[in-house]
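Me: I would like to go through this model term by term, asking of each label what justifies it. Please set each value against its definition before concluding.

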Number of protein chains: 2
Amino acid sequence: MTREELIGLMRHKRSFLCVGLDPDLRRLPPQLPQNTEGLHRFLHDIVLATTPYAVAYKVNTAFFEALGPAGFSLLHEIIGTVPSDTFLIADAKRGDIGNSAEQYAAAFFAPSGRPSRVDAVTVSPYMGHDSVMPFLAYPGKWTALLALTSNEGAVDFQLKKLDNGRYLFEEVLLTAQKWGSPDNLMFVAGATRPELLQRVRSLVPRHVLLVPGVGVQGGSLPDVCRAALTADGPVLVNVSRQVLYASSGANYAEAAARMAASYVREMNGYLSVVNA
Amino acid sequence: MTREELIGLMRHKRSFLCVGLDPDLRRLPPQLPQNTEGLHRFLHDIVLATTPYAVAYKVNTAFFEALGPAGFSLLHEIIGTVPSDTFLIADAKRGDIGNSAEQYAAAFFAPSGRPSRVDAVTVSPYMGHDSVMPFLAYPGKWTALLALTSNEGAVDFQLKKLDNGRYLFEEVLLTAQKWGSPDNLMFVAGATRPELLQRVRSLVPRHVLLVPGVGVQGGSLPDVCRAALTADGPVLVNVSRQVLYASSGANYAEAAARMAASYVREMNGYLSVVNA
């Protein structure tokens with residue numbers, strides 16, 4: 001999906017909501033079979049119910065991998081379930097030397113040599129350019145590079161100051177924007193530190209920002225919009241648990257749709273600033 | 001496996017060789033079926049032939065993931081093939097926020113709730129302590145944290161100087177050694193910059209160092225030993241392609257064994273310094 005198509009989708013749906021799919025057996029509604037079949041039904045129902053509201057879905061590979069070989073199959077089934085006119089992110093946070101990075105890029109963008117439905121993969125910057133470039137080599141595909149993450153541990157290294165006066169995450173933004181363009185490179189920047197999110201936006205004014213941390217992690221949508229949403233700077237706001245587990249009962253799908261709808265209503269008030 | 005057991009194994013085999021298993025269909029000897037069954041036979045033969053020389057094996061998840069669902073099964077079959085008295089590293093370079101990191105740790109250390117054969121997982125430090133601690137929570141298991149990697153891109157961020165005068169990789173070593181101990185935390189430090197490998201060793205004198213980059217990547221065993229092997233500071237030297245693809249013919253297993261044996265002969269000359 002191109003940047004224009006993604007922005008067009010946001011305009012069409014009046015939304016910049018990304019729904020995160022983190023399947024957790026411990027949180028599966030008790031009405032469903034407590035196995036990967038149950039998870040499949042659950043995720044399928046969630047995707048179906050939230051499609052009117054979500055412009056993007058994000059599959060978190062950690063939760064699928066924890067389910068063993070059945071989880072791997074589930075991941076690929078769910079990737080096939082996500083409507084083709086929504087943006088699909090594999091949240092894998094991969095990062096390895098060149099020849100391994102090529103394999104990871106192929107695993108997500110061209111498994112068994114066939115082009116996949118995955119539009120973007122999240123990638124860690126720690127190992128530098130040759131760990132990222134293989135992902136950027138796929139035409140029409142995106143790399144979502146970690147810059148400033150939403151978790152507590154972001155302070156350990158991302159918020160360390162370099163001897164040039166920049167935070168490490170700022171150095172990542174400035175260095176990595178030379179590796180790709182706003183058409184194939186987006187940055188992950190968390191919602192939990194709005195004042196720093198604003199610095200992210202000022203350093204990469206045109207790149208799409210994938211913003212996790214709204215909801216259970218404590219970030220707020222208005223803060224994110226004020227800090228990062230501009231006429232030329234789109235954001236994708238990811239909400240995972242708050243939508244997925246909006247209800248622990250049989251009405252989980254309706255509850256997820258209601259939660260997604262309420263986010264989208266709130267987003268509407270901010271969308272007018274977007275140049276689209 | 002405990003630190004003492006790992007050092008005992010090095011002493012017993014007179015070796016600190018780790019053989020990296022990166023299955024690549026493009027490099028599979030032509031005598032074998034050109035599919036995952038062929039890869040299975042290839043890796044099985046390589047492991048069998050090199051067991052007298054290797055104290056550890058490292059499975060590179062990238063190469064398995066690129067094979068799709070069949071690769072996932074292959075990974076678990078190969079993990080089952082590696083002799084139980086060798087150290088087994090899953091080179092996955094994972095790193096995500098706490099609840100996702102818990103899932104990754106479970107995926108490798110306790111898939112489907114059962115303890116696994118995997119002794120260690122490689123983890124990226126970029127997201128900080130809460131992305132690493134879930135791996136360290138498994139008794140008897142190890143976290144191999146990326147510090148200074150062997151690739152060119154290491155210069156982009158790992159070799160940036162902080163305002164406290166330290167390189168980022170030094171900050172990672174100093175910060176992360178508080179998260180674990182030499183009994184459950186090792187560091188990945190590449191062979192390709194021996195002068196910096198020496199700095200790594202001086203900052204973490206007792207931690208096991210997992211050293212990639214010898215062989216195809218250009219690092220040399222004597223340089224690694226002089227820089228990082230001390231009486232109380234063990235190293236695991238990983239060699240992947242140079243052993244795996246020592247011959248492209250039908251004698252691939254014997255050729256791999258010969259290459260592994262020649263490394264081990266060389267290692268013997270350095271092992272006398274180890275306090276074990």
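Me: What makes B:Cys18 a residue of a strand that is paired, and which residue stands opposite B:Cys18?

Reply: B:Cys18 stands opposite B:Asn238 in β8(B). Strands β1 (residues 17-21) and β8 (residues 235-239) of chain B are joined in the parallel sense over three bridges, and since two strands pair if DSSP finds at least two bridges between them, the three bridges satisfy the rule, so β1(B) and β8(B) are called paired. The strands themselves are DSSP runs (E, at least two residues), as helices are (H or I, at least four), numbered from the N terminus. The model is predicted, so local features need pLDDT of at least 70 and side-chain atom pairs count only at pLDDT 80 or more, whereas totals for chains, interfaces and linings use all residues. Residues are numbered from 1 along each chain as its sequence is written, chains are lettered from A and ligands numbered from 1 in the order in which they are written, and side-chain values use heavy atoms, with hydrogens and water left out.

Me: How do you know that helix α2 of chain B packs on the sheet, and what angle does its direction make with that of β1(B)?

Reply: Helix α2 (residues 36-50) of chain B touches β1 and β2 (54-60) of chain B, where contact means heavy atoms within 4.5 Å. Its direction makes about 175 degrees with that of β1(B), on a scale from 0 to 180 degrees between N-to-C directions, with axes fitted to C-alpha atoms, for helices over the stretch in contact.

Me: What is the order of the strands in the barrel of chain B?

Reply: The closed barrel of eight strands runs β1-β2-β3-β4-β5-β6-β7-β8 (chain B), with parallel pairing, and the twist averages 30 degrees from one strand to the next.

Me: Why is the link between B:Lys93 and A:Asp96 called a salt bridge?

Reply: The closest N and O atoms of B:Lys93 and A:Asp96 are 3.0 Å apart; a salt bridge requires a side-chain nitrogen of Lys or Arg within 4 Å of a carboxyl oxygen of Asp or Glu, so the pair meets the rule. Across the interface of chain A and chain B the rule finds four salt bridges.

Me: How much area is buried between chain A and chain B, and how many residues does the contact take from each chain?

Reply: About 5,100 Å² is buried, of which carbon and sulfur atoms give 58%; this is the accessible area (1.4 Å probe) that two parts lose on being put together, summed over both. The contact takes 55 residues from chain A and 56 residues from chain B.
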